[in-house]
Amino acid sequence: MSEIETRPPAADAANGLKKNAIGTGGIAFLVISAAAPLTVMAGVAPVAIGIGGIGAPMGYVIAGAVLLIFAVAFMAMTKHVKAAGGFYTYITLAMGKTVGLASAILAIISYNCLQIGVYGLFAVQTQAMLRTLFGLDVPWPAVALVAVAAVWFLGYRGIDVGAKVLGVLLIAETAILAVMGAGILANGGAQGISVASFSPEHAFTPGVLAILAICFAAFMGFESTVLYRREARNPDKSVPRATYIAVGFMSVFYAFIVWTVIQAYGDGDVMAAAGELADGMFFATINHYVGPWAEVVMYVLIVTSVYASQLAFHNAINRYVYMLAKDGVLPAFLARTHPKYKSPHRAGQIQTALAAIVIIICAIAGADPYKQLLIWVNTPGIFGIVALQGLVSVAAFIYLRRNPEAVTNRLLIPLSIASAILLFGVVALIAINIELLTFADALTNTILLLVTPLVFLAGLLSARRLRRARPDIFARIGSFETHDS
């Protein structure tokens, strides 16, 4: 069976990532934290309820089911790909170096859009917390730049330190949501407990289909488990386990929390409440059903939730850049790791500088931190990552067809086909319903949607140019130096 493994030159062995740094739990914490459960619930779920109605919980179940199908095909391929290049490696192996490099560039741009855009949300949420709890009014650019420095610091200290911090923050943010849900159920909700959200007439409505883009956005980052392969303990087992844990947990937890919030207002009144309260819905809910103290805790934890998401995406970006630099595509200094912490600190410095520059430009231009920095910058990232997931599904299908010995279950190939069809279907739904994500005009939405195909095209052209000008570097694309049979 063909296997691919990255083997850095012996002289550079001391410059690698930290081995055996994290296990299944650490990887799961990293990728679930990237999704920021409290943030996507308190900040975005009210929009899903307002559009999807009481069937909104099923939107998260459907998204989780599609991503679980993707994960099965993805992990089947992972067992035979020993490199740590994420989407980059998988697509290169099955579809060639040109498409692989274009995918790597798209992944870096998409993850940067997700990570940098969230600084706008961090600024808005922190401003709200400081104003509500302490009566302070701090300029949003100052808040965002402090967050940039804090993210850089933990990323610099290494993946094991970051995973521990993210684990604590993730437990805290999921706990406060669980407390809210328990409080609602203990009080019997507003009109008694109903399970109508999961009945077919409410679960498969046009409104639920319209919010699938929002629901898929709530899972962003789970696919980055494979980026931590070289830092994982027993990666053949820990990476797949972490992937399934992440998808399963988020799907069930999101659906449960949204369902309990619907119970808090009643099936007939929840859509009106979501429209009236908007992003204050969860805070008002926990205040009423648990107490004012819990609302204060939620204000604090939503800030740490956003921070955890930024740190997780920062780590993912750095590892993509690190692997491209190891392959010679990016400057060699980006492939250097810290002598003590073994973190890709040079890549982290570049990403930190880029985030700071974008924030400063937005501040000078008078951009709104929520509408422009968060929503408009995030949207191409969501679009790009889901498109890459679809492309990886195609890569899994091609790889499994070429390597029948890798097909350990006859359902793997059909699942890879189904995954590709479903994920590209989601890409189409995002494009059709983009105004639900951006609330922008048609021209702005068109520009945001064009980012992904234009970046991918630029990557293809760059790869073709590299093949002509630097065939030695082109041959190294894919995050591997050996291809053992």
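Helices in what follows are DSSP runs of H or I with at least four residues, strands are runs of E with at least two, and both are numbered from the N terminus. The model before us is a predicted one. I shall begin with the chain as a whole, continue with its interior, and finish with several loop residues.

By that assignment, the chain contains 20 helices and two strands. Its radius of gyration is 22 Å, while the globule rule gives 23 Å for 485 residues; the two values are close, so the chain is as compact as a globular protein of that length. Along the principal axes, the C-alpha atoms occupy a box of roughly 65 × 50 × 45 Å.

How much of the chain is buried? Of the 485 residues, 60% are buried. Turning to contacts with a separation of 6 or more, 84% of them join residues that lie 24 or more positions apart. On the outside, about 17900 Å² is exposed, and 68% of that area is supplied by carbon and sulfur atoms. As for charge, the chain carries 30 positive and 23 negative charges, and their mean positions lie 15 Å apart.

Let me now move to the interior. The largest nonpolar core comprises 162 residues, and Met41, Tyr60 and Phe282 have the most contacts inside it. Which helix gives this core its largest share? That is helix 14, residues 292-326, with 18 residues.

Phe282 deserves a closer look. With residues up to four places away in sequence set aside, Phe282 touches Met41, Ala42, Ala45 and Pro46, then Leu177 and Met180, and further along the chain Ile257, Val261 and Met298. Met41 is thus a partner of Phe282, and both belong to the trio with the most contacts inside the core.

Val261, one of those partners, is found in helix 11, residues 235-265. Its relative accessible area is 0%, and Val261 is therefore buried. Beyond its neighbours within four places in sequence, Val261 is in contact with Ile49, Met180, Ile184, Val270, Met281 and Phe282. Met180 accordingly appears among the contacts of Phe282 and among those of Val261. For a sense of scale, Val261 and Ile109 are 152 residues apart in sequence, with 35 Å between their C-alpha atoms.

Ile286 belongs to helix 13. Ile286 counts as buried because its relative accessibility is 0%. Its contacts, again leaving out residues up to four places away, are Ile176, Met180, Gly291, Ala294, Glu295 and Met298. Met180 and Met298 are also touched by Phe282. A separation of 49 Å is found between the C-alpha atoms of Ile286 and Leu460, which are 174 residues apart along the chain.

Is Gln310, a residue of helix 14, buried or exposed? Gln310 is buried, at 0% relative accessibility. Apart from residues up to four places away in sequence, the residues that Gln310 touches are Gln115, Val118, Tyr119, Phe122, Ala147 and Val151.

I turn next to the loops. Ala232 sits in the loop between helix 10, residues 212-217, and helix 11. Despite this loop position, Ala232 counts as buried, with 4% relative accessibility. Ala232 and Lys19 are 213 residues apart along the chain, yet their C-alpha atoms are separated by 6.7 Å.

Two loop residues merit attention for their backbone. Ala278, between helix 12 (270-277) and helix 13 (281-289), has a positive phi of about 50 degrees although it is not a glycine. Ala278 is partly exposed, with a relative accessible area of 33%. Phe439 likewise has a positive phi, near 55 degrees, and is not a glycine either. Phe439 lies in the loop between helix 18 (435-438) and helix 19 (442-469). With a relative accessible area of 57%, against a cut-off for exposed of over 50%, Phe439 is exposed.

Finally, I come to Arg470. Where does Arg470 lie? Its place is in the loop between helix 19 and helix 20, the latter covering residues 471-474. Its relative accessible area is 42%, so Arg470 is partly exposed. Arg470 and Gly366 are 104 residues apart along the chain, and 43 Å separates their C-alpha atoms.

Methods: Residues are numbered from 1 along each chain as its sequence is written. This is a predicted model: local features need pLDDT of at least 70, side-chain atom pairs count only at pLDDT 80 or more; totals for chains, interfaces and linings use all residues. Side-chain values use heavy atoms; hydrogens and water are left out. The radius of gyration is taken over C-alpha atoms; the globule rule is 2.2 Å times the number of residues to the power 0.38. Buried means under 20% relative accessible area, exposed over 50%, partly exposed in between (1.4 Å probe, protein chains only). Contact means heavy atoms within 4.5 Å. Accessible areas come from the Shrake-Rupley method with a 1.4 Å probe; for residues, only the protein chains shown count as cover. Lys and Arg count as positive and Asp and Glu as negative; His and the chain ends are not counted. The place of a charge is taken as NZ of Lys, CZ of Arg, CG of Asp or CD of Glu. A nonpolar core is a set of buried Ala, Val, Leu, Ile, Met, Phe, Trp, Tyr and Cys residues joined through side-chain atoms within 4.5 Å.
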